[in-house]
Amino acid sequence: MIVMRELDEKFMREAIRLSELAVLQGNEPFGAVLVKDGEIVYSNANQIYSATDPTFHAEAGLLRRFCAETQITDLQAYTLYSSCEPCFMCSGAMVWTKLGRLVYAASDIDLCELLGEQGSHASQIVFEHSHHKPEVTAGVLRDESLKILSGYFPHNQKG
């Protein structure tokens, strides 16, 4: 179990690094990493502003590009690491690609508290009502992710 936790933290650090990179590129602070067999196979930062695409969230953009480039659409053997709990749209993409496992840092509730909004566990709601339910691990390096989010959102509105 310790080995899994160490791997989760290693890959989450990369997702959080990508969330910082997203901000430097003029986007919102979200990052995602796709892993198979202990190796990063794809990564993505939020690109909603730089790509002029409000659906180009870190997770949905990663899944869209990875599947298109590899022609792989069944991701049961993959784990996706996200710096923040995925929204409804991104969670739906995880259902349709049959993602095996999702690991996230800060929750949607954490994010919504920063925004002064009411939050929910978006991914949990989607997965509970879907034909496919990835395994979920929440709160990995939560404080590190919250530091990035809380540094960004008091000064910026959510897209």
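What follows is a walk through a few parts of this predicted model: a helix, a set of strands and a pair of cysteines.

Let's start with helix α2, which covers residues 58–70. At 1.5 Å a residue, its 13 residues should span 18 Å, and the C-alpha atoms at its two ends do turn out to be 18 Å apart, so the expected and computed spans agree. A good part of this helix is tucked away: A58, E59, A60, G61, L62, L63, F66 and C67 are buried. Those buried residues have plenty of company, as they pack against the strands β1 (31–36), β2 (39–45) and β3 (79–84), and also against helix α3 (88–96). Right after α2 comes Q71, and its phi is positive, near 65°.

A little further along sits T73, in the loop that links α2 to β3. With a relative accessible area of 52%, T73 counts as exposed, because the cut-off for that label is over 50%. Being exposed doesn't leave T73 without contacts, though. Setting aside neighbours within four places in sequence, T73 touches C67, W96 and T97. C67, from α2, is itself one of the buried residues of that helix. T73 and L99 are 26 residues apart in sequence, yet their C-alpha atoms are 9.2 Å apart in space.

Now for the strands. Five of the six residues of β1 are buried, so this strand is largely enclosed by the rest of the structure. β1 pairs with β2 in the antiparallel sense, over six bridges, and V35 stands opposite I40 of β2. The two strands make a hairpin with two residues between them. One residue in that turn, D37, has a positive phi of about 50°. β1 also pairs with β3, again in the antiparallel sense, this time over four bridges. Here A32 has S82 of β3 as its bridge partner.

Finally, what about the cysteines? The count of disulfides comes to zero. Take C84 and C112: the closest cysteine sulfur to that of C84 belongs to C112, but the gap is 8.3 Å, too far for a bond. Seen from the other side, the closest cysteine sulfur to that of C112 is the one in C84. A disulfide would need the two sulfur atoms to be within 2.5 Å, so this pair doesn't make the cut. Both cysteines are hidden from the outside, so to speak: C84 is buried, with a relative accessible area of 1%, and C112 is buried too, at 7%.

Technical notes
Residues are numbered from 1 along each chain as its sequence is written. This is a predicted model: local features need pLDDT of at least 70, side-chain atom pairs count only at pLDDT 80 or more; totals for chains, interfaces and linings use all residues. Side-chain values use heavy atoms; hydrogens and water are left out. The expected span of a helix is 1.5 Å times one less than its number of residues. Buried means under 20% relative accessible area, exposed over 50%, partly exposed in between (1.4 Å probe, protein chains only). Contact means heavy atoms within 4.5 Å. Two strands pair if DSSP finds at least two bridges between them.
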